[in-house]
Structures are given as structure tokens and as C-alpha cells.
Amino acid sequence: MYEYALDDDRLHWTGLVNLEHSGTDRWQPWRLPADAGLDSMSPELASRARMASGACTRLVTDATVLDLTIDSSEDQDDPRPVDIVAGGSVIASVLPDTSGHVRADLPAGSKEVEIWWPQWGELTLGPIRTDAPVQATGWQPALRWVTYGSSITHCRSADSPTGTWPALVARARNWDLTSLGFGGQCHLDPVAIRTIRDRPADLISLCLGINIQGGGTFNARTLGPQVAGAIEHIREGHPHTPIAVITPIASPDREQQPGGAGLTLAQVREIVGEAAANVVERGDSDLHVVDGLSIIGAGDAHLMPDGLHPGPEGYRLMAERIGPVLEGIAGQTTGA
């Protein structure tokens, strides 16, 4: 077998901010900067940042066997599979065995292989092994997309990593995805906003509000300025990049129920939309407001088993509805 360390130049990574060497042959994926001090200041956010939602490794090979090692530090009773894509199609969705081992059979001949890592669980990753040499991919994405949000973007309850709504949108359009969905942790943290500001992007989407309402992060006085300030901070690195601000999708039990700071979800949706609209009115013609209720509305409540998070069918519907909207905002016409 041929063995490749995860920082080998022949492996093309998308979706990660850092890949940190964490042992002799182990690597820690990070979706926020590894040196941001999150473990001491925001351990919950640090935990989510070490999860690989949206992360993908691409390579070209004639191999017929692919061998991976995944060490998961939590939720061993609720594991998520690795998806293997060859020639553009998902050919395997494989759960690691009890030792963290994953083996997948690949079709014969030269092909581009995509490894979509589990979207849930803190992971450390071992080397990639194949039974034939690996070459660098010549993959050219149509655009680079950064999306930020809560558990609804993190997509724990999706069937597999290619079943998250960001992955469905990106794969259908050949987009380079960076998914900054952090379950329970979308609070406009400065480290997240700085990461978006500094990340190369042709399109940015911000799904804002549900964690802020549930956690009482901001109140009626502070929420609007925080939303506007975050957009303006991102603009320092992306002065003309199209940005979509997506207000919260429906959550019937929370629409009229005040959260920790006294705001209902309906009020949060209104404030987020108005704050973004104010930035547009002050001259930001590349900023767009998307009503979350047009993506998942009250009539789609049956697709949210817990009344908050879409299930697999709900995430597919989100992708079907939001993909064309984002495509239009990006100025793309791919026919996807």
C-alpha cells in the first residue's frame, strides 16, 4: 500500500482553515484558526471547529482500494460515515469500524476521488493509504463559497456528509465549499467573522439568528448593530463579494416564545433582516437579504422532527430552494 500524510501536496483539501499535526501520523482538522485560543475562551465553539463538516479531500488515482483512519473523541454512539465520491458519484458511505478504520473499494481506472469527512464528531485523522499511487487533482471549482451558520448549517442529522444542504448545493454547482456551521455556536463571534473576512471567497452567505434567539446573545438594542457591524467587518476583506444574509428558517415553537434576551424568533428574524437592509440602503449593492421562511416555512414543519432541525429530507429541500437563490446572487448560470 502507498501511504500519504495528510499535508502531502498531492492531496487537495477544501473546507478547512487549518490542518494541525497532532501526533506522529495524526492530523487535527480545524474550521477556525487553531491558534485562536478557543479551548480556553469558547470550548464549545472549539469543539465544533474541530468537526469536519463540509471538509473534502480530492485526489486522482488508479487505485481500487482506499484505506482511512479516523479517531473520534466523542459521540461514539452516534457516528457519521465517510462519503467516497468517484467520477462525480457517491460510491460508498462507510462508517468507521471500532478501531476507526475505513476501507472502500474504488472503480478501476484513473478517476478523481473525493473523500467527504464525517460532519459530526471531533476527529483526528490518520494517513491515506491506496493500492496505487496518487496524483494531484486538476480540479477547478466554479467559485469559492463560504457559508456561516448554526446547527442548521452544521447538519448533524443529515444522512451523511454529502447530504448536508451546503454540500448538496456545492456539489451540484462545482463550488469550493467552506462550511462554517457550528452547532449551537453561531453568535457572531469575532474569530468567525475574522475568518470569513480573511478567507478567499466569491460568494458568502450568513445564516443568522436562531442561536442568538435561543441563547439570548443579543437583545433588541444590540442585535441590529452587531449584525451590521459583522457585515461591515467582513467587507474589509471582501469589498465587493456578493453576500447573502439569510434570516432564520421557521421553528414554530419559537416564533412567539421569548428567548433569553426577551426576543421571539419572529422578532429576531425582523431585526436581522432590517439590519442587513440598512447596510444595503447605505450603499452596499452587493449585499442581499434572503427571507429564511422562503427556504423552510411553517408549512414545512413536518420536515423538522424536533421542531428546529430539518431531517435528511428537510436538508434536501433546503438545498433545492436555496441553491438557485445563491446561484443568482453569485451571478452564476450553471444550469444546475
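**Exercise 1. Find where Gly283 sits relative to H8, and state its phi.**

Solution. In this predicted model, Gly283 comes just after H8 and takes a positive phi of about 115 degrees.

**Exercise 2. Check the length of H8 against the span expected from its 17 residues.**

Solution. Step one: helix H8 covers residues 265–281. Step two: at 1.5 Å a residue, its 17 residues should span 24 Å. Step three: the end C-alpha atoms of H8 are 24 Å apart, which agrees with the expected span.

A pair of residues can be treated in a similar way. Ala266 and Val280 are 14 residues apart in sequence, and their C-alpha atoms are 21 Å apart in space.

**Exercise 3. List the buried residues of H8 and say what they pack against.**

Solution. Step one: the buried residues of H8 are Leu265, Val268, Arg269, Ile271, Val272, Gly273, Ala275, Ala276 and Val279. Step two: these buried residues pack against helix H6 (210–215), H7, strand S17 (243–246) and strand S18 (287–290). Step three, a general point: an α-helix has 3.6 residues a turn, so residues three or four places apart point the same way.

Ala266 also lies in H8. Its relative accessible area is 24%, so Ala266 is partly exposed; the cut-off for buried is under 20%. Leaving aside neighbours within four places in sequence, Ala266 is in contact with Glu255 and Gln256.

**Exercise 4. Describe how H7 and H8 cross, and which residues make the contact.**

Solution. Step one: the axes of H7 (residues 223–235) and H8 come within 8 Å and cross at roughly 45 degrees. Step two: H7 is therefore oblique to H8. Step three: the crossing is right-handed. Step four: H7 contributes Leu223, Gly224, Val227, Ala228, Ile231 and Glu232 to the contact, while H8 contributes Val268, Ile271, Val272, Ala275, Ala276 and Val279. Step five: sorted by class, the contact has ten nonpolar, one polar and one charged residues.

**Exercise 5. Carry out the same analysis for H4 and H9.**

Solution. Step one: H4 and helix H9 (residues 312–330) have axes 8 Å apart and pack at an angle of about 50 degrees. Step two: this angle makes H4 oblique to H9. Step three: H4 passes H9 in a right-handed crossing. Step four: from H4, the residues Trp165, Leu168, Val169 and Arg173 meet Tyr315, Arg316, Met318, Ala319, Ile322, Gly323, Pro324, Leu326 and Glu327 of H9. Step five: by class, this contact holds nine nonpolar, one polar and three charged residues.

**Exercise 6. For Cys155 and Asn174, give phi, location and exposure.**

Solution. Step one: Cys155 has a positive phi of about 65 degrees, although it is not a glycine. Cys155 is placed in the loop between helix H3 (151–154) and helix H4 (165–173). With a relative accessible area of 0%, Cys155 is buried.

Step two: Asn174, also not a glycine, has a positive phi of about 60 degrees. The loop between H4 and strand S15 (175–181) holds Asn174. Its relative accessible area of 32% makes Asn174 partly exposed.

**Exercise 7. Is Thr153 buried or exposed, and what is in contact with Thr153?**

Solution. Step one: Thr153 lies in helix H3. Step two: its relative accessibility is 1%, so Thr153 counts as buried. Step three: with neighbours within four places in sequence left aside, Thr153 is in contact with Ser53, Thr147, Tyr148, Trp165, Pro166, Ser179, Gly181 and Cys207.

How values were computed: Residues are numbered from 1 along each chain as its sequence is written. This is a predicted model: local features need pLDDT of at least 70, side-chain atom pairs count only at pLDDT 80 or more; totals for chains, interfaces and linings use all residues. Side-chain values use heavy atoms; hydrogens and water are left out. Axes are lines fitted to C-alpha atoms, for helices over the stretch in contact, and angles run from 0 to 180 degrees between N-to-C directions. Helices (H or I, at least four residues) and strands (E, at least two) are DSSP runs, numbered from the N terminus. Angles under 35 degrees count as roughly parallel, over 145 as roughly antiparallel, 65 to 115 as roughly perpendicular and the rest as oblique. A crossing is left-handed if the near helix is turned anticlockwise from the far one by less than a right angle, and right-handed if clockwise. Contact means heavy atoms within 4.5 Å. Ala, Val, Leu, Ile, Met, Phe, Trp, Tyr, Cys and Pro count as nonpolar, Asp, Glu, Lys and Arg as charged, and the others, Gly among them, as polar. Buried means under 20% relative accessible area, exposed over 50%, partly exposed in between (1.4 Å probe, protein chains only). The expected span of a helix is 1.5 Å times one less than its number of residues.
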